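User: I have a few questions about the model below, starting with one residue.

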Amino acid sequence: MSGEVVGRVFAYFKNVNVAAIELSATLSVGDRIRVTGATTDFEMTVESMQIDRVSVESATAGQSVGMAVPERVRPNDQVSMA
């Protein structure tokens, strides 16, 4: 499933380094993802996700999750499986 698009960033909270991501496929803690955009390109392992400030192990298409990211991301950056 490498390269499969799983979501899109719609917000970034720089004070806590958290990306808000709208999912188009299932994503789980432990998955390796790649975030790409005009000035963004990095890979990371999903260590935790939250929905409405509640920690979840996985989320499905149509849900929006928040997750800590190691670098700044921007709205419309693409999230795919690494």
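User: Is Q63 buried or exposed?
Analyst: Q63 is partly exposed, at 30% relative accessibility; buried means under 20% relative accessible area, exposed over 50%, and partly exposed in between, with a 1.4 Å probe and protein chains only. This is a predicted model, in which local features need pLDDT of at least 70, side-chain atom pairs count only at pLDDT 80 or more, and totals for chains, interfaces and linings use all residues. Residues are numbered from 1 along each chain as its sequence is written, and side-chain values use heavy atoms, with hydrogens and water left out.

User: Where does Q63 sit?
Analyst: Q63 lies in the loop between β8 (58-59) and β9; strands are DSSP runs (E) of at least two residues, numbered from the N terminus.

User: And what does Q63 touch?
Analyst: Apart from neighbours within four places in sequence, Q63 is in contact with I21, E22, L23 and I51, where contact means heavy atoms within 4.5 Å. The Q63 side chain also reaches the backbone nitrogen of T60 at 2.8 Å. Q63 and A25 are 38 residues apart in sequence, yet 9.0 Å apart in space, C-alpha to C-alpha.

User: I21 came up there. What else does I21 touch?
Analyst: Residues up to four places away in sequence aside, I21 touches G7, R8, V9, F10, Q63, S64, V65, M67 and V79.

User: Which residues have the most contacts inside the largest nonpolar core?
Analyst: They are I21, L27, I33, V65, M67, V69 and V73, in a core of 22 residues. Such a core is a set of buried Ala, Val, Leu, Ile, Met, Phe, Trp, Tyr and Cys residues joined through side-chain atoms within 4.5 Å. Two or more core residues come from each of β1 (5-13), β2 (18-23), β4 (32-36), β5 (41-45), β6 (49-51), β9 (64-68) and β10 (78-81).

User: Changing topic: where is S48, and is S48 buried or exposed?
Analyst: S48 is in the loop between β5 and β6, and its relative accessible area of 39% makes this residue partly exposed.

User: What is S48 in contact with?
Analyst: Beyond its neighbours within four places in sequence, S48 is in contact with V29, G66 and M67. S48 and S2 are 46 residues apart in sequence and 20 Å apart in space, C-alpha to C-alpha.

How values were computed. Helices (H or I, at least four residues) and strands (E, at least two) are DSSP runs, numbered from the N terminus. A polar contact is a pair of N or O atoms within 3.5 Å; within protein, one must be able to donate a hydrogen and the other to accept it, and residues adjacent in sequence count only if both atoms are side-chain atoms.
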